[in-house]
Amino acid sequence: MRGPPARARWGGLIAILALCVISGGWLLRRKAAPDGTVYQQARLFENVVASIHTHYIDSLDEGDLYQTAAKGLVSSLHDPYAELLTRESYRQYQRQMAGTEVDVGDVSGLGNDGSHTAFGPGDVILSIDGKSTVGWSARKVEDALAGGTEPFVTVVVRPWGSSTPVVRRLTRTVVHVPATSEGILLGAGIGYLELRRISDGAATELREAIDRLVDDGMTSLVLDLRGDPGGLINEGVRVASLFLHPGDTVAVSRGRSADHSKVYLAGQSGGWDGLRLALLVNHGTASSAELIAGALQDHDRALIVGTPTFGKGVLQTMYPLGEEIAVKLTTARWFTPSGRTVQRPRPDAEGALGNRTPALTPQVFHSDAGRPIPDASGILPDLTVRGAPRSDAERALLSTLGEDVGLFRNVLSEYATELRKNADGPKFEAFHVTDDMRDQVFQRLALIGIELPRPTFDNASAYIDEQLGYEVTRAVFGPVAEARRRAFSDRQMQAAARILRRARTQDQMLTIAAAERAKGTSR
């Protein structure tokens, strides 16, 4: 059998030599070097993976080793926002940005218990899709139910009070999660809306909700950003634009490259020039939600009420690497129109004494009207008002409940649903929780095995009445009625509403708040 022609042999040899030159000789360097070139370092990494795969006492998949190493590389950046997204984490991130979530329900059922709901208080989930749930946390159970790409999930459940497990086949359905609440009017022309996340389409949803309230007579708005974790920066810019003039600066980003350095300008306005505006913020207000608050504060367009925000003044960019895999990296810092950064330094950062709130030596910036605004860790409110603190009795109850807090809330919800069907249930929104209603909750807790000392339960009656009142109001009168009930017991919301009633213009609101702050009347 004849070998290849001489010309072919020489051509192959030249190609190999050329590849070796281009690669720095990597193909010819059989040995790794701990401090050699980047190609030798790559060879070292490959050899380590191969050695673990071949010689380690436990059998480990080589592909999993590479993925674990990739995650370790990203975590070595010590950046809490950098992340390698794979499979379910990738899908979850995409859902968060799109404003969707997986709803698990609609028992299409197997089993013979006759149930039409997925789970009831006290039910024990034994397995999910054939995997035992022994030792799983509630979060892991939730992730397993909602995760995966299949439209169905099979769950083995032991219903409360039964020794016989049943099999339930549940459907996974992707549903849209509204970024805003429905909105309510509180009297005196004051409207209230929650902006829960800055997902795709949030600005459009907010505009439509505000337009409805304006048509109903709203002349001032309390926009609640408490607990809003943020989301898409461009969507945050569109939300801020609704209250600004086109062309106003919303934020400035500065990154390593020109691609990540940008001035974000306001686009289309909502057209509500005379609408007085107050924003509610707290430590859960983060990222692009802080960007909105910072822009409206710098342009004197909103009164900020509440407590200092989270302090996330950096932006992330997601780079796809393949099917359902991407790396999310911090690529820029962002600043408010006046030049403030809200980034909260890490406790171990140079010059940072713990989790400072606000900054220890803040630089003072100024709003469009010349108001001094300190450079803080997070957005510092114009009027600091703290939420109602937990009572000792409430803390004792929650401590005794421990991991059963979720079951406690399920009992409240189930009882509220029953009251809706009961002819003797509440007839008016302003109902009061009675002793009998509270006793029903205690008895139902005992029935599912939650044994609370009666004194602990009774001492926390004010908290139980409040939470049960919210659940019953939602079940019987609807979510709008529930929002009204919550608003009347919300210290921060009431503080904002008080100033809105006293002021006729946005400037007057800021002046009143400054006077209250100077007198020390903020709480």
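**Overall fold and selected surface regions**

In this predicted model, 67% of the contacts between residues at least 6 apart in sequence join residues at least 24 apart. The protein holds 16 helices and 18 strands. Of its 523 residues, 41% count as buried. The accessible surface of the protein comes to about 28100 Å², and carbon and sulfur atoms account for 54% of that area.

With this overall picture in place, two patches on the surface can be looked at in turn. One is nonpolar and is formed by Leu44, Val48, Ile52, Tyr56, Ile57 and Leu60. Together, these residues have about 530 Å² of accessible area. A helpful residue to find here is Tyr56, which sits in the loop between helix H2 (38-55) and helix H3 (62-75). Is Tyr56 buried or partly exposed? Its relative accessible area is 47%, so Tyr56 is partly exposed; the label "exposed" is kept for values over 50%.

The other patch is negative, and its members are Glu208, Asp211, Asp215 and Asp216. Asp211 can be found in helix H6, which covers residues 202-215. With a relative accessible area of 30%, Asp211 counts as partly exposed.

Helix H13 offers a friendly pair of residues to set side by side. This helix runs over residues 461-477 and contains Glu471; Arg474 is found in helix H13 as well. How do the two residues stand with respect to the surface, buried or partly exposed? Glu471 is buried because its relative accessible area is 14%, and a residue needs to be under 20% to be called buried. Arg474, in contrast, has a relative accessible area of 33% and is therefore partly exposed.

The neighbours of these two residues complete the view. Leaving aside residues up to four places away in sequence, Glu471 touches Leu412, Ser413 and Ala416. On the same basis, Arg474 touches Pro479 and Glu482. Ala416, one of the residues touched by Glu471, can also be used to place Arg474 in space. Along the sequence, Arg474 and Ala416 are 58 residues apart, while in space their C-alpha atoms are 8.3 Å apart.

Conventions: Residues numbered from 1 in each chain as written. Predicted model: local features only at pLDDT ≥ 70, side-chain atom pairs only at ≥ 80, totals over all residues. Heavy atoms only, no water. Helix = DSSP H or I, 4+ residues; strand = E, 2+ residues; numbered from the N terminus. Buried < 20%, exposed > 50% of the residue type's maximum accessible area, 1.4 Å probe, protein only. Contact = heavy atoms within 4.5 Å. Areas by Shrake-Rupley, 256 points an atom, 1.4 Å probe, with all protein chains shown as cover. Patch = residues over 30% accessible without salt bridge, like charges linked within 9 Å, V, L, I, M, F, W, Y side chains within 5 Å. Salt bridge = Lys/Arg side-chain N within 4 Å of Asp/Glu carboxyl O. Lys, Arg positive; Asp, Glu negative; His and termini not counted. Charge placed at Lys NZ, Arg CZ, Asp CG, Glu CD.
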